[in-house]
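Here are a few notes from going through this one, jotted down in the order I'd look at things. Have the viewer open as you read.

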Amino acid sequence: MTVPARAFVVAGSEATGGAGFQVDLKTFQELGVVGAGALSCIVAFDPANSWAHRFHPVAPEIIAEQIEAALACHGEDVLDTAKVGMLGTPETIDVVAEALRQRSWRHLVVDPVLICKGQEPGAALDTDNALREKILPLATVVTPNVFEATTLSGMESIQSVSDLEEAARRIGDKGVPYVVAKGGVELPGEDAVDVLWDGSSITHFRRPKIGEQRVSGAGCTLAAAITAELAKGAEVADAVETAKELVTHGIEQRLACGTPFDVVWQGAARLS
Ligand code: PXL
């Protein structure tokens, strides 16, 4: 009899299913991991306004109740790995940080979703600062994209893989044990390159680029897949390799939608 691993996620709902909480649970399931989770916010795109993000934070006490329920249900002996996705406001970040501190996590994967279109830029700055102060110190793995890596590292810009490596080192120096910085299609070159800094060395994960367009859900899927693999006991570098493979298949077989971007299909790796 197989006893599946379990993983927990705190993230936002994005109703089209292309990003956020929906992607996290689908990805866990694809990798054979039982998912549990708490919603931090709700994003409803506006089709009548260029798909702008309509953003609704969940009240802090409701976030705390959800985390309380999930952690009481799944004890520390069976659930010691979690992912944090979009949180959205300083108040949300406070309550999530406080609630996550109740458990000593073997791995906490933080996808540092910094800004979401539709939010006030001023609010986004507060959110960046709160994420840096309250959530990053709890992370064992952080998965910034080029924009987030630039912000978190304090670098002026990231224009090459060697800049991305430098950003990963600088973020690591702030105390995160493993930094997975994602170049994706943002950097020049034939390959989509992600780099892992583990405090002493850099590892590259590369696949030929599939087009030059960004695909929705790639970042959420990658971080969720890393989380699922860590929950099953994989080493971080192996977890990133499996996640990169799953995302690459998901981009190859992406879904066209009414939204401006195609979306990753998490089921592609299983069925190809
Ligand atoms: O892809 C980042 C992201 C994460 N989480 C939620 C989102 C988005 C982008 O739209 O809506 C809930």
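1. Let's start with Arg-6, which is found in strand 1. Keep in mind that the whole thing is a predicted model.

2. Is Arg-6 buried or exposed? Neither, quite: its relative accessible area is 27%, and because buried means under 20% and exposed over 50%, Arg-6 counts as partly exposed.

3. On contacts, leaving aside residues up to four places away in sequence, Arg-6 touches Val-33, Val-34, His-74, Val-78, Leu-79, Thr-81 and Ala-231. With His-74 there's also a polar contact between the two side chains, at 3.0 Å.

4. If you want a long-range distance to check, try Arg-6 to Ala-237: they're 231 residues apart along the chain, and their C-alpha atoms are separated by 20 Å.

5. Now the ligand. Around the ligand you'll find Gly-12, Ser-13, Glu-14, Ala-19, Gly-20, Val-43, Phe-45, His-53, Met-86 and Cys-220. On its own the ligand has 310 Å² of accessible area, and the protein covers 81% of that.

6. Which elements give two or more residues to that shell? Strand 1 (6–14) and strand 2 (34–46) do. Strand 1 supplies the largest share, 3 residues, and that's the strand where Arg-6 is found.

7. Sorted by class, the shell around the ligand comes out as 5 nonpolar, 4 polar and 1 charged residues. For a specific polar distance, look at His-53: an N or O atom in its side chain is 2.9 Å from an oxygen atom of the ligand.

Terms used:
Residues numbered from 1 in each chain as written. Predicted model: local features only at pLDDT ≥ 70, side-chain atom pairs only at ≥ 80, totals over all residues. Heavy atoms only, no water. Near = heavy atom within 4 Å. Polar contact = N/O pair within 3.5 Å; in protein donor to acceptor, adjacent residues only side chain to side chain. Areas by Shrake-Rupley, 256 points an atom, 1.4 Å probe, with all protein chains shown as cover. Helix = DSSP H or I, 4+ residues; strand = E, 2+ residues; numbered from the N terminus. Nonpolar A, V, L, I, M, F, W, Y, C, P; charged D, E, K, R; others polar. Buried < 20%, exposed > 50% of the residue type's maximum accessible area, 1.4 Å probe, protein only. Contact = heavy atoms within 4.5 Å.
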